[in-house]
Amino acid sequence: MGLFSRRKINKEARNRPRYAPDYTAEIEAVPGSDGTSFACIDRIASEFAGLNYAVYDRKTHQKVKNHSILELLKQPNTEERHFNFFYQSAVDYYNGGCYWLKLNYSGETVSLFRLDPHKVKVARDVKTNKRVFNYNGAEYTDNEILYIPSRFCYSTLRGGQSIFGATNSVFSTAGKVEAYTQKSFDNGINGKRLVIDIEKALPDATEEQIAELKSSFQNEYSGPNNAGRPIIKKNGIEYSELSGGTDNRAAELSENRKIQEHEVSKVFGVPEAILNNETNANLENVFVYFNEFAIRPLATMFQEVINSLLDESRYYFEFDYNGLMKVSLSQRIEAYNKQFAFGEMSINEIRAKENLPPIEAGDTHFVPVNMMPLNDETVEAYMAQQKQTVNSNHFAGGDDKK
């Protein structure tokens, strides 16, 4: 099969194998899988899955447009396309590691399938001293599995640990705050309590009857599901409200949640401005931070593994982070003007970044000298003109001396 031709492959090699059943990648169900954690992973996985990428020629550093690896990553298998495959792979990564099963056809990798990281067991073969992967009773080598272990508490054999296990104290506290929040809303946070007077209606009530009455009232009238429902007085039972004075739990709850959101977002490297959708934040600074501390470390791990699928003496694979840099329209225009003026970008390259179609002759680059086209012919013509000017001045000076 040609490297740059569309591959005619065995369809069975593109279908999910029976020994690799499908599963749903979920945030690990441990203390700490709270709303903030979910939001952080969702933001990171979404941006990571949306990154542009390319294969480059190692000698010329030019993009290789038709490399077969691009087709593979565009649709890793018949059931998943790029975005969902990479999104779910990022979720796996934060749960301890990502495992891609490679299926080959005629010596070429034609399909990638995600394996459930919780069911993969990593060991080391005594004879070869190489890692082996056991999954659903089947055993695979490093040549059959692309392994992207998490960087948290990493070792070559055990792999990485989930982010929740590596920083358990942060997520444990966040889980407690989440539980406290739910309990506070269920019980009400206004500091007022209802008094049920049964002294006249049931003067001889036993402890069991009192407990039953409490339970019945809570089921019928208390909690958020019963909010707004009327309370029916019956059997001569009287109700009154007991205020416990000023209750600061609401303010304390809000402050505690902010503290935990700050701690969790710091662990993931996600700016709080992104989590809270702050419109007044400096977008450029926010996304520079987000890129450097959340996206780039994750993408680098995957990038290095994807390069193992290439002939690394000839090609290399890289993600493009430029699309992640969010700036205002005026800032983009200023940056484009500078890049265009110094020949760094062409008009069509700028239009491509703005999702606009190319224009005729838009691939020409210019240099600052009167905005001349930057190509061999222009440079040669310019140098010839300069040489002619120098010669003319030389001979003109000679005539003056005579």
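## A hairpin to start with

In the hairpin of β4 and β5, six residues lie between the strands, and Asn129 takes a positive phi near 65 degrees. Strands here are DSSP runs of E with at least two residues, helices are runs of H or I with at least four, and both are numbered from the N terminus. The model is predicted, so local features need pLDDT of at least 70 and side-chain atom pairs count only at pLDDT 80 or more, while totals for chains, interfaces and linings use all residues. Residues are numbered from 1 along each chain as its sequence is written, and side-chain values use heavy atoms, with hydrogens and water left out.

Strand β4 covers residues 120-124 and runs antiparallel to β5, with five bridges joining the two. Two strands count as paired if DSSP finds at least two bridges between them. Ala123 has Val132 in β5 as its bridge partner.

## From β5 to β6

β5 also pairs with strand β6 (residues 138-141). That pairing is antiparallel and has four bridges. Phe133 stands opposite Tyr140 in β6. A second hairpin links β5 and β6, with two residues between them. Asn136 sits in its turn and has a positive phi of about 55 degrees.

How many of the five residues of β5 are buried? Four are, so this strand (residues 131-135) is largely enclosed by the rest of the structure. Buried means under 20% relative accessible area, exposed means over 50%, and partly exposed lies in between (1.4 Å probe, protein chains only).

## The chain as a whole

The chain has 12 helices and 12 strands. Of its 402 residues, 34% count as buried. About 24900 Å² is exposed, and carbon and sulfur atoms supply 50% of that area. Accessible areas come from the Shrake-Rupley method with a 1.4 Å probe; for residues, only the protein chains shown count as cover.

Contacts (heavy atoms within 4.5 Å) also reach along the sequence. Among those between residues at least 6 apart in sequence, 64% join residues at least 24 apart.

## A three-strand sheet

Strands of a sheet pair through backbone hydrogen bonds, either parallel or antiparallel. One open sheet has three strands in the order β3-β2-β7, with antiparallel pairing. Its edge strands are β3 (108-115) and β7 (145-149), each pairing on one side only. Neighbouring strands are turned by 25 degrees against each other on average, direction ignored.

Helix α3 (residues 82-94) packs on this sheet and touches β2, β3 and β7. The direction of α3 makes about 135 degrees with that of β2. Helix α9 (residues 283-307) packs on the sheet too, touching β2 and β7. The direction of α9 makes about 160 degrees with that of β7. These axes are lines fitted to C-alpha atoms, for helices over the stretch in contact, and the angles run from 0 to 180 degrees between N-to-C directions.

## Inside β7

Strand β2 (residues 97-105) and β7 run antiparallel, joined by five bridges. Cys98 stands opposite Ile148, and Tyr99 stands opposite Tyr147.

Five of the five residues of β7 are buried, so the strand is largely enclosed by the rest of the structure. Both of its faces are covered. Ile145, Tyr147 and Pro149 are buried on one side, and Leu146 and Ile148 on the other.

## Two nonpolar cores

A nonpolar core is a set of buried Ala, Val, Leu, Ile, Met, Phe, Trp, Tyr and Cys residues joined through side-chain atoms within 4.5 Å. The largest has 53 residues. Trp100, Phe268 and Phe319 have the most contacts inside it. Helix α9 gives the largest share, 10 residues. A second, separate core has 12 residues, including Leu101, Leu103, Leu115 and Val120.

Setting aside residues up to four places away in sequence, Phe268 touches several partners, among them Cys40, Tyr94, Phe171 and Phe293.

## Two buried polar residues

Ser265 is found in helix α7 (residues 249-268). Is Ser265 buried or exposed? At 3% relative accessibility, Ser265 counts as buried. A polar atom of its side chain lies 2.9 Å from the backbone oxygen of Glu261. Leaving aside neighbours within four places in sequence, Ser265 is in contact with Cys40, Val270, Glu272 and Leu275.

His67 lies in the loop between β1 (52-57) and α2 (68-74). His67 is buried, with a relative accessible area of 7%. Its side chain reaches the backbone nitrogen of Ile69 at 3.1 Å. A polar contact is a pair of N or O atoms within 3.5 Å; within protein, one must be able to donate a hydrogen and the other to accept it, and residues adjacent in sequence count only if both atoms are side-chain atoms.
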